[in-house]
Amino acid sequence: MATGYGPKWTITENQTATPGTPNPPQILIQAQSSGLDDGTTRPRNQLVQINGTSVVNSSSPRSYRMTRLTNTGSGWTYNASNGYDVYGNQTAADNALAFLQTFQDSDILVLNTWDEPNNRRTTFRDELVNNFGAKLQYSSTWGSRCSYLLVAVKGKGALHLYIKPRYTTELNVVSMWVGF
C-alpha cells in the first residue's frame, strides 16, 4: 500500500518472496495524472520500483511521461523513461511514437499525463490502441485537458487504464504491484 500524493511517496508495504510463492510481485508502479494547467496542486508523478529499488521517481512534463520496463527472462529491468511535450511540438509526438515502437512484446509501458496531452495524440494513437490495449475512447471521445493513465503490457493489453474528464476534483491515481 502506498500513501500520499505529490512528489514524495511513502511505501508502507513491501512485497518480498516467501517460501512456496512461485511468482511474487517484483514491480511497484505508482502514477498520478491530472488535466488542466495546474502543476502546483495537481500531482503528476511516476514512481517505479523493481525489487525494492527505485528506477523512476519523476514528475511528468506537460503532456506525457512514458516508461519502459523489460522482461529479461529472469526478472525485470528498467529500460528508459522519457517526457514528451506534444502540445505545440510535432517532433515530440513523432519521438513519442518512435519510443513506443522500440517496445518488444511483453515489455511494460507506464504512461501518465499532465495538463494537455490531447494535442497531436493521433500521431501515436494507433500504436497505443493496437499494441498496448488502449481503449477506443482514447481515439474518439477524449477531450481537451483530460487526464490519462495507462499501465500496459505490449502484445497483451492494459493492466490499468483510466481516462478522467477535466474539471473533476478526484485524482487519477494508480498504485499496483506487478509480478509475472
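1. Read along the sequence, the elements of the chain succeed one another in the pattern β-β-β-β-β-β-β-α-β-α-α-β-β-β. The model is predicted. In total, the chain has 3 helices and 11 strands.

2. Two figures describe the chain as a whole. Of its 180 residues, 47% count as buried. Among contacts between residues at least 6 apart in sequence, 58% join residues at least 24 apart.

3. The pairing of two helices deserves attention. The axes of helix H1 (residues 90–100) and helix H2 (residues 122–132) come within 8 Å and cross at roughly 20°. Because of this angle, H1 is described as roughly parallel to H2. The crossing in which H1 passes H2 is left-handed.

4. Which residues meet where H1 and H2 are in contact? From H1 come Gln90, Ala93, Asp94, Ala96, Leu97 and Leu100, and from H2 come Thr123, Phe124, Glu127, Leu128 and Phe132. Sorted by class, this contact of H1 with H2 has 7 nonpolar, 2 polar and 2 charged residues.

5. The largest nonpolar core has 24 residues. Those with the most contacts inside this core are Met66, Leu100, Leu109, Leu111, Phe124, Leu128 and Leu150. Two or more residues are given to the core by each of strand S6 (63–71), strand S7 (76–84), H1, strand S8 (108–115), H2 and strand S9 (147–153). The element that gives the most is H1, with 6 residues.

6. Leu109 serves as an example from this core, being among the residues with the most contacts inside it. With neighbours within four places in sequence left aside, Leu109 is in contact with Met66, Thr67, Leu100, Phe103, Leu128, Phe132, Leu150, Val151 and Ala152. Apart from the core just described lies another core, of 15 residues, and among its members are Val56, Leu69, Leu149 and Val178.

7. Is Gly83 buried or partly exposed? Gly83 has a relative accessibility of 37% and therefore counts as partly exposed; buried would require a value under 20%. The place of this residue is in strand S7.

8. The surroundings of Gly83 may be described further. Leaving aside neighbours within four places in sequence, Gly83 is in contact with Pro61, Tyr64 and Arg65. Gly83 and Asn112 are 29 residues apart along the chain, and their C-alpha atoms are separated by 9.7 Å.

Conventions. Residues numbered from 1 in each chain as written. Predicted model: local features only at pLDDT ≥ 70, side-chain atom pairs only at ≥ 80, totals over all residues. Heavy atoms only, no water. Axes fitted to C-alpha atoms, helices over the stretch in contact; angles between N-to-C directions. Helix = DSSP H or I, 4+ residues; strand = E, 2+ residues; numbered from the N terminus. Parallel < 35°, antiparallel > 145°, perpendicular 65-115°, else oblique. Left-handed = near helix turned anticlockwise from the far one by under 90°. Contact = heavy atoms within 4.5 Å. Nonpolar A, V, L, I, M, F, W, Y, C, P; charged D, E, K, R; others polar. Core = buried A, V, L, I, M, F, W, Y, C linked by side-chain atoms within 4.5 Å. Buried < 20%, exposed > 50% of the residue type's maximum accessible area, 1.4 Å probe, protein only.
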